[in-house]
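User: I'd like to go through this model and check the labels on it. Can you take me through the reasoning?

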Amino acid sequence: KARVRKELRSARDQARQKLEETKEFAKQKSIRDEQNNRQAKIQRLKEKERLEQLNSEQLKRQSEASSQMKAQEANIRQAQEEELKRLIDQGIVPSIDTLPQTKQGSPPNGK
């Protein structure tokens, strides 16, 4: 009878020990999971910031390229106007003001 009680006590102590170990394991796992979730969230935020930065840089480059294209177009227009003025001044190309006036819809030679 004493031996059975001793075995029961031993079995109960082992069960208690196992329960404590399981609780501790679960607690440690919960802590690890929470840390992993926190790290994953930080990584997602960093990636989001990185993508936003890249997008911002790309928009800036596109804006700069658009401004450069507009400036180039303005320079080309100005150069064309200057060249036309030079040709008119040299008499190579007639000025619109010196062209003969025609009736609306009829060709300049009257045919």
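Analyst: Sure, here are the helix, its salt bridges and the exposure labels, bearing in mind that this is a predicted model.

User: How do you know that helix α1 has the span expected of it?

Analyst: Helix α1 covers residues 2–89, 88 residues in total. From first C-alpha to last it reaches 129 Å, close to the 130 Å expected at 1.5 Å a residue. Just past its end, Gly 91 has a positive phi of about 80°.

User: Why is the contact between Arg 16 and Asp 13 called a salt bridge?

Analyst: The N to O distance is 3.5 Å, and the cut-off is within 4 Å, so the pair qualifies. Both residues sit in helix α1, 3 residues apart, about one turn. The whole structure has 7 salt bridges.

User: What makes Asp 89 and Lys 85 a salt bridge?

Analyst: Here N to O is 3.1 Å, which again falls within 4 Å, so the label holds. They're 4 residues apart in helix α1, about one helical turn. In general, residues three or four places apart point the same way, because an α-helix has 3.6 residues a turn.

User: Why is Asp 89 called exposed?

Analyst: Its relative accessible area is 57%, and exposed means over 50%, so Asp 89 counts. Lys 85 makes the cut too, at 51%.

User: And what makes Glu 34 partly exposed?

Analyst: Glu 34 has 45%, which lies between the 20% and 50% limits, so it's partly exposed. Its salt-bridge partner, Arg 38, gets that label at 44%.

Note on methods. Residues are numbered from 1 along each chain as its sequence is written. This is a predicted model: local features need pLDDT of at least 70, side-chain atom pairs count only at pLDDT 80 or more; totals for chains, interfaces and linings use all residues. Side-chain values use heavy atoms; hydrogens and water are left out. Helices (H or I, at least four residues) and strands (E, at least two) are DSSP runs, numbered from the N terminus. The expected span of a helix is 1.5 Å times one less than its number of residues. A salt bridge is a side-chain nitrogen of Lys or Arg within 4 Å of a carboxyl oxygen of Asp or Glu. Buried means under 20% relative accessible area, exposed over 50%, partly exposed in between (1.4 Å probe, protein chains only).
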